[in-house]
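Me: Please take a close look at one part of this structure. Pick a spot in the interior and work outwards from there. Short sentences, please.

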Amino acid sequence: PHSRDLVFGDVLLWGWARRAWAERRLEAAARSLTGSAAADEDRETLLRRVSSLIERRYPYTAGHSKRVAGHAERIASAMGLPREEVERIRIAALVHDIGKINIPRAILSKPSRLTDAEFAVVKRHPGDGAVMVEELGDPELAAIVRHHHERLDGRGYPDGLAGEDIPLGARIVAVADTF
């Protein structure tokens with residue numbers, strides 16, 4: 001009669017262990033983004049690793065960053081942007097939510113509506129992510145990450161930019177993220 005409890009308990013324990021392991025790896029990757037290790041590792045490899053770890057930490061977003069990156073790459077290519085710019089947009093889309101590692105899990109996985117204070121914490125993730133990505137020495141990449149939640153009407157965040165003031169890459173990532 002208690003066999004289900006045992007199996008369920010094992011599954012919960014395994015899930016907890018995987019999350020704990022992923023969080024440790026995510027913290028190490030985040031430290032390497034803000035430290036000198038970022039210069040030692042291929043930029044894209046590091047960003048892919050961090051993106052993967054973020055998705056392991058928050059399994060409900062599984063595949064989200066890869067899908068956004070794929071959509072953003074296709075949009076940028078269809079617009080006829082230079083290959084280098086398409087690649088920058090794809091990489092930015094891959095890590096657009098990297099700043100979420102600073103948001104408490106209780107807020108990100110809250111099943112009910114967020115309070116204004118909780119939403120204010122969530123709204124910090126584009127800026128936090130941009131600070132992390134700035135360490136890679138590509139200000140355009142950091143700007144895309146920072147402004148991917150801006151809106152054409154100026155009611156977005158973190159800076160309330162509007163229209164053409166929003167970097168093109170950030171506008172592309174915003175569309176891909178919404179889709």
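Reply: Start at Ala-72. Setting aside neighbours within four places in sequence, Ala-72 is in contact with Ile-89, Ala-93, Ile-172, Val-173 and Ala-176. Contact means heavy atoms within 4.5 Å.

A word on the ground rules. This is a predicted model, so local features need pLDDT of at least 70, side-chain atom pairs count only at pLDDT 80 or more, and totals for chains, interfaces and linings use all residues. Residues are numbered from 1 along each chain as its sequence is written, and side-chain values use heavy atoms, with hydrogens and water left out.

Now the wider setting. Ala-72 belongs to the largest nonpolar core, which has 28 residues. A nonpolar core is a set of buried Ala, Val, Leu, Ile, Met, Phe, Trp, Tyr and Cys residues joined through side-chain atoms within 4.5 Å. Buried means under 20% relative accessible area, exposed means over 50%, and partly exposed lies in between (1.4 Å probe, protein chains only). Ala-72, Ile-89, Ile-98, Val-133, Leu-141 and Val-173 touch the most other members of this core. Several helices feed the core: α3 (43-57), α4, α5, α8 (125-134), α9 and α10 each supply at least two residues. Helix α5 gives the largest share, six residues. Apart from this core lies another one, of five residues, among them Ile-103, Ile-107, Val-121 and Val-122. In soluble globular proteins, nonpolar side chains tend to be buried together.

Those helices are all the regular structure there is: the protein chain has 10 helices and zero strands. Helices (H or I, at least four residues) and strands (E, at least two) are DSSP runs, numbered from the N terminus. Buried residues make up 42% of the chain's 179 residues. Take contacts between residues at least 6 apart in sequence: 60% of them join residues at least 24 apart.

Next, follow Val-173 into helix α10 (residues 168-178). The buried residues there are Gly-169, Ala-170, Ile-172, Val-173, Ala-174, Ala-176 and Asp-177. Their cover includes α4 (64-78), α5 (83-94) and α9 (139-146).

One name on that list carries a charge: Asp-177. Lys and Arg count as positive and Asp and Glu as negative, while His and the chain ends are not counted. Which side chain of opposite charge is nearest to Asp-177? It is Lys-100, 7.0 Å away, and Asp-177 has no salt bridge. A salt bridge needs a side-chain nitrogen of Lys or Arg within 4 Å of a carboxyl oxygen of Asp or Glu. Asp-177 does have a polar contact: 2.9 Å joins its side chain to that of His-64. A polar contact is a pair of N or O atoms within 3.5 Å; within protein, one must be able to donate a hydrogen and the other to accept it, and residues adjacent in sequence count only if both atoms are side-chain atoms. Beyond its neighbours within four places in sequence, Asp-177 is in contact with His-64, Val-68, His-96, His-148 and His-149.

Now turn to helix α5, where charges do pair. The structure holds 13 salt bridges. One joins Arg-88 to Glu-85, with the closest N and O atoms 2.9 Å apart. Both lie in α5, three residues apart, about one turn of the helix. An α-helix has 3.6 residues a turn, so residues three or four places apart point the same way. Arg-88 and Glu-85 are both buried.

Arg-88 has another salt bridge, with Asp-138, at 3.0 Å from N to O. Arg-88 lies in α5 and Asp-138 in the loop between α8 and α9, so this pair ties together parts 50 residues apart in sequence. Asp-138 is buried, like Arg-88. The linking goes further: Glu-84, Glu-85, Arg-88, Asp-138 and Glu-140 form a network of salt bridges.

For contrast, look at Arg-155 and Asp-153. Their side chains meet in a salt bridge of 3.3 Å, N to O. Arg-155 is exposed, because its relative accessible area is 60%. Asp-153 counts as partly exposed, at 43%.
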